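Subject: Structure for you to look at

Dear colleague,

I am passing on the structure below, and I would be glad if you kept it open while reading the notes that follow it.

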Amino acid sequence: MTEPVFLTTEEVSDRYRGRITVGTLQNWRAMRIGPPFLKIGKAVLYPLEGLEAWDQQNMVEARSSRMIGRARITDD
């Protein structure tokens, strides 16, 4: 069994290529939304396993066609 891996707030921001900023992560923690985190004293750590699960929860499946009203539009 492998040891759990934890990322810092800065590493999480880097993981998402800066699209989720450190400030956004701080705000989300205050609102109790976003990926799961662990707080020990002042240290905030994000378990990699929790980030991967959060990614899956937020995955958007693309479709080749979609319905708008009653007309069918296809992506050809």
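Please bear in mind that this is a predicted model. I begin with strand 3, which spans residues 43-47 and has two unlike faces: Val44 and Tyr46 make up the covered one, while Ala43, Leu45 and Pro47 make up the uncovered one. As background, side chains in a regular strand alternate between the two faces of the sheet.

Strand 3 has antiparallel partners in two other parts of the chain. Strand 1, residues 6-7, is joined to strand 3 by two bridges and runs antiparallel to it; within this pairing, leucine 7 is the residue that stands opposite tyrosine 46, a member of the covered face. Strand 2, residues 38-40, also pairs with strand 3 in the antiparallel sense, here over three bridges, and isoleucine 40 stands opposite alanine 43, which belongs to the uncovered face. Strand 2 and strand 3 form a hairpin with two residues between them, and in that turn glycine 41 has a positive phi of about 65°.

As for the protein as a whole, its secondary structure comprises three helices and five strands, which follow one another from the N terminus in the order β-α-α-β-β-α-β-β. The protein has 76 residues, of which 20% count as buried, and its accessible surface comes to about 6,400 Å², with 52% of that belonging to carbon and sulfur atoms. Finally, if one takes the contacts between residues at least 6 apart in sequence, 40% of them join residues at least 24 apart.

With best regards

Note on methods
Residues are numbered from 1 along each chain as its sequence is written. This is a predicted model: local features need pLDDT of at least 70, side-chain atom pairs count only at pLDDT 80 or more; totals for chains, interfaces and linings use all residues. Side-chain values use heavy atoms; hydrogens and water are left out. Buried means under 20% relative accessible area, exposed over 50%, partly exposed in between (1.4 Å probe, protein chains only). Helices (H or I, at least four residues) and strands (E, at least two) are DSSP runs, numbered from the N terminus. Two strands pair if DSSP finds at least two bridges between them. Contact means heavy atoms within 4.5 Å. Accessible areas come from the Shrake-Rupley method with a 1.4 Å probe; for residues, only the protein chains shown count as cover.
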